[in-house]
Structure formats: C-alpha cells, structure tokens
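Me: I've got a structure up on my screen and I'd like to talk it through with you. Could you take my questions one by one?

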Amino acid sequence: VYSLARGLIPCIVSSSPRPLAKQTHNANMSWDSYLDNLVAQSKDSLSAEHVDKCCIVGLDGGAKWTTDGHGKAFKVSATEAATIAKAFKSKDFTAFMTSGIHAEGQKYQFLREEEKKTVLAKKKGLGAITLQASKTAIVIAHCPEGSQQGNCNKAVNVIAEYLEGMNM
C-alpha cells in the first residue's frame, strides 16, 4: 500500500506507512539515518527485521555515503564499492554474472538483474544481497540466511525510490 503523505515514505511490507525520519540534504548531513529507515522498512507483520546490514554508495565512483560506524553498516571496501558503482553506472552486469558480486570480502552468486537498476545475489549459508540504483546512489542491503529476501528487496526499493523522488 502506498501513501505519499508528507514525512512518510511508502511501506510495502505492511498495510500502513512507516515514517521516514525528516532528512535535511546538505553537505554536513549524516546519511546513516537512511540505514535505520531501511532496516525498519524490512520488518514483517511480526516486527522481525529482514535486513541485518546495509549501506549507500555513490553511483559515480562508489564513494560511501554512509559510515562504517553505524551499528547496521554493510562495510563494503572502497574497491568493492567502486566495482559495484562501475557496473551500475554502465548498466552492464556481465562482470557480476561471470565473477559474482564481492561485498565485505565475500563473493555472492549473481541471481538476476531487473530493469537495469536492481541486482539480486546470494551466498549459501550467509544470506543474500539486494542492490538498487537511484539517480545518484546505490542502496545495498544484506538479508541474513533464513530471512525473507523479498522483505529486503522491498526495503531497498523504498529507500532507492525515495532518493529518486528527491532527484538523487
């Protein structure tokens, strides 16, 4: 169910929207609050979280927008982020298909790409990752083994679409 009321972002996990913390977009802002919102968006009807770590990187070069100091930070290396950004910027995911997606030193098997802006991958025994690009960023989240990747996908989509709506 989508609700576009001021201060709320769409929540597709439950029947009511979850509030998005008010964001001010300036050079000194912390992007880490977006991580809290992403995790909250992944909750199911029993309030179980389906994202255990996440991050946002820039589409141009993969610079990290979120910090590794956040409790739910997905600590992709600068090299991993740059490789991810290069694939999303060019919309060419061949390297992911042949060599997998590397994040936090782990290699995830490429599952599929959707609309040249969303990529899904999995590593047996470790979980799955969802990556989605907006106009200027890539939202990345990890779903632990045994959790529902669908909830993770929806949460990533909510944040990426919110950024897209902000022309970011």
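Me: Which residue of β6 stands opposite Gly58?
Reply: This is a predicted model, where local features need pLDDT of at least 70, side-chain atom pairs count only at pLDDT 80 or more, and totals for chains, interfaces and linings use all residues. Numbering starts from 1 along each chain as its sequence is written, and side-chain values use heavy atoms, with hydrogens and water left out. β1 (residues 53-58) pairs with β6 (residues 137-144) in the antiparallel sense over 6 bridges; two strands pair if DSSP finds at least two bridges between them. In that pairing Val57 sits opposite Ile138, and the residue opposite Gly58 is Ala137.

Me: How many residues of β1 are buried?
Reply: Buried means under 20% relative accessible area, with exposed over 50% and partly exposed in between (1.4 Å probe, protein chains only). On one side you have Lys53, Cys55 and Val57, and on the other Cys54, Ile56 and Gly58, all of them buried. β1 is largely enclosed by the rest of the structure, because the buried count is 6 of the 6.

Me: And how many residues of β6 are buried?
Reply: β6 is also a strand that the rest of the structure largely encloses. For the protein chain of 168 residues, 44% count as buried. For β6, the count is 7 of the 8.

Me: How many residues lie between β5 and β6 in their hairpin?
Reply: β5 (residues 127-133) pairs with β6 in the antiparallel sense over 7 bridges. Ala128 stands opposite Cys143 there. The two strands form a hairpin, and the number of residues between them is 3.

Me: What is the order of the strands in the sheet?
Reply: Helices (H or I, at least four residues) and strands (E, at least two) are DSSP runs numbered from the N terminus, and the chain has 4 helices and 6 strands. The 6 strands make an open sheet with antiparallel pairing, in the order β1-β6-β5-β4-β3-β2.

Me: Why is one side of β1 and of β2 left without a neighbour in the sheet?
Reply: β1 and β2 (101-103) stand at the edges of the sheet. One side of each is left without a neighbour in the sheet because each has a single partner strand.

Me: Which residue of β4 stands opposite Glu114?
Reply: β3 (residues 106-114) and β4 (residues 118-123) run antiparallel, joined by 5 bridges. Opposite Glu114 in β4 is Thr118.

Me: At what angle does α1 run to β1?
Reply: Axes are lines fitted to C-alpha atoms, for helices over the stretch in contact, and angles run from 0 to 180 degrees between N-to-C directions. Contact here means heavy atoms within 4.5 Å. α1 lies across β1 and β6, and its angle to β1 is about 130°.

Me: How do α1 and α4 sit relative to each other?
Reply: α1 (residues 32-41) packs against α4 (residues 149-165) at about 135°, with the axes 7 Å apart. Angles under 35 degrees count as roughly parallel, over 145 as roughly antiparallel, 65 to 115 as roughly perpendicular and the rest as oblique. The two helices are therefore oblique.

Me: Which residues of α4 does α1 meet?
Reply: From α1, the residues involved are Tyr34, Asn37, Leu38 and Gln41. On the α4 side, they meet Ala155, Val156, Val158, Ile159, Tyr162 and Leu163.
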